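Got your viewer open and a selection box ready? Load the model below and follow along, stop by stop.

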Amino acid sequence: MRSVSQSRKLADIHYAIRGPVPAEAKRMEDEGHRIIKLNIGNPAPFGFEAPEDILVDMRRMLPEAVGYSESKGIPSARRAIKQYYDGIGVEGFDVEDIYLGNGVSELITMTLQALLDNGDEVLIPAPDYPLWTATVSLAGGTPVHYLCDEQADWAPDLADLESKITARTKALVVINPNNPTGAVYPREVVEGMVEIARRHDLILMSDEIYDKILYDGARHVPTASLAPDLLCLTYNGLSKSYRVAGFRAGWVVISGPKDHARNYIEGIEILSNMRLCANHPSQHAIATALGGRQSIEDLVLPTGRLARQRDVTVEMLNAMPGVSCVVPKGALYAFPRLDPEMYPISDDEAFTLELLRAQKVLVVQGTGLNWPHPDHFRIVTLPHEDELAEALGRIERFLATVRSGVVRV
């Protein structure tokens, strides 16, 4: 029979969060090993419960949600989203400029497919959430990574960003609060990014899924609130702040002037229609979530579970020889650095694989998040403090074998 191969479009597509190393973890689990998984920001397996009022309202509306909804989403959810963004200073859009999706992931895919021709460039932070890089490539575009500066609490290097703009650059991706670094960009940094987009006539694409997961008094500045004169797409959803990742309830808000982008927006509309609609039952959770008590606030207080777990992670990492970790101000991750003099790692995927096999701990290598050097890895800070402490203790024991030369990667 004729050989069947994957499409050549997938040649440059990588998603390390569910890649070869997690596949090995699954194989080991099937053999009976207990793996501590620090690779995916999925709150449910770690005992985070969804707000009960969301679940009650969704169950109540199930009989009305068995058919397709409008392609853009149900009006009550889109009105709630409109009111939410009105309240945080975002202007230049109405209910018809809001699209609901099966999570932010689907909306990133739709909006990039509608935008990009072969060779078009999109500026994406390094490190990044790798779906952005993969989706740009799959849509025929070229991802161009601008560096974030670890010495500046992982804020984007604006000079590096602007130096990478060419005649083919169409959009600037902002991930704030950032996955994987946990950075929350100061207002002046967001203003700088907006000004660069303004000077070079770029579309802003702002991933703000962690906008409510903030520590130590950090303040999130919505990109679109500083860019009323620019076309800005803002992505958000219920997965993280409301602990319902499996509901796949996300949205994108298109704000700013649109007359020059009508053809692009028609493309988004075509793709929205083609998938018929987002998950209908979960759409009924959106208005309840945005209008109800924001229970995430208790979790991110200094005494809250998420904040305590972040603190344990950072303290233990920074106590390890040759390891340093900038304190995350938001999100659910830490992105520690390994001193290359002490840890001469040439292949960080091999590093994470050997860590998994030796200590039964699963993390994500930094290059899998499009960081250009094999000297970082990402840890999810969702497990309870005792489990985090156990995992970090195992990581420290493994690092000792790398320092001593017993393990070479």
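## Stop 1: a small sheet

Start by selecting strands 14 and 15: strand 14 and strand 15 (residues 377–380) pair in the antiparallel sense, over 2 bridges. Strands here are DSSP E runs of at least two residues, helices are H or I runs of at least four, and both are numbered from the N terminus; two strands pair if DSSP finds at least two bridges between them. Before moving on, note that this is a predicted model, where local features need pLDDT of at least 70 and side-chain atom pairs count only at pLDDT 80 or more, while totals for chains, interfaces and linings use all residues. Residues are numbered from 1 along each chain as its sequence is written, and side-chain values use heavy atoms, with hydrogens and water left out.

Now pick Val 364 and look across to its bridge partner in strand 15, Arg 378. Add strand 11 to the selection and you have an open sheet of 3 strands, ordered 11-15-14 with antiparallel pairing. Strand 11 (333–334) and strand 14 (364–365) are at the edges with a single partner strand each, so one side of each has no neighbour in the sheet.

## Stop 2: strand 2 and helix 4

Select residues 98–102, which make up strand 2. Is this strand enclosed or not? It is largely enclosed by the rest of the structure, because 4 of its 5 residues are buried (buried means under 20% relative accessible area, exposed over 50%, partly exposed in between, using a 1.4 Å probe and protein chains only). Strand 2 pairs with strand 9 in the antiparallel sense over 5 bridges, and Tyr 99 stands opposite Val 252 of strand 9.

Next, take residues 103–115, helix 4. Its 13 residues reach 19 Å from first C-alpha to last, close to the expected 18 Å (the expected span is 1.5 Å times one less than the number of residues). Colour its buried residues, among them Val 104, Leu 107, Ile 108 and Leu 112.

## Stop 3: the cores

Which residues touch the most other members of the largest nonpolar core? Of its 104 residues, they are Trp 132, Leu 172, Met 205, Leu 233 and Leu 306. A nonpolar core is a set of buried Ala, Val, Leu, Ile, Met, Phe, Trp, Tyr and Cys residues joined through side-chain atoms within 4.5 Å. A second, separate core of 26 residues includes Tyr 343, Ile 345, Ile 379 and Val 407.

Zoom in on Trp 132. Leaving aside residues up to four places away in sequence, Trp 132 touches Ile 108, Leu 112, Ile 124, Val 173, Ile 175, Met 205, Asp 207 and Tyr 235 (contact means heavy atoms within 4.5 Å).

## Stop 4: backbone oddities

Go to Ala 126 and Pro 127, joined by a cis peptide bond with omega of about 0°. Pro 127 sits in the loop between strand 3 (121–126) and helix 5 (130–138). Then jump to Asn 176 and Pro 177, where the peptide bond is also cis, with omega near -5°. Pro 177 is in the loop between strand 6 (169–175) and helix 7 (187–200).

Finish in the loop between strand 8 (232–237) and strand 9 (249–255), home to Arg 243. Its phi is near 60°, positive in a residue other than glycine, and at 9% relative accessibility Arg 243 counts as buried. Arg 248 is found in the loop between strand 8 and strand 9 too. Phi of Arg 248 is near 55°, again positive, but at 29% relative accessibility this residue counts as partly exposed.
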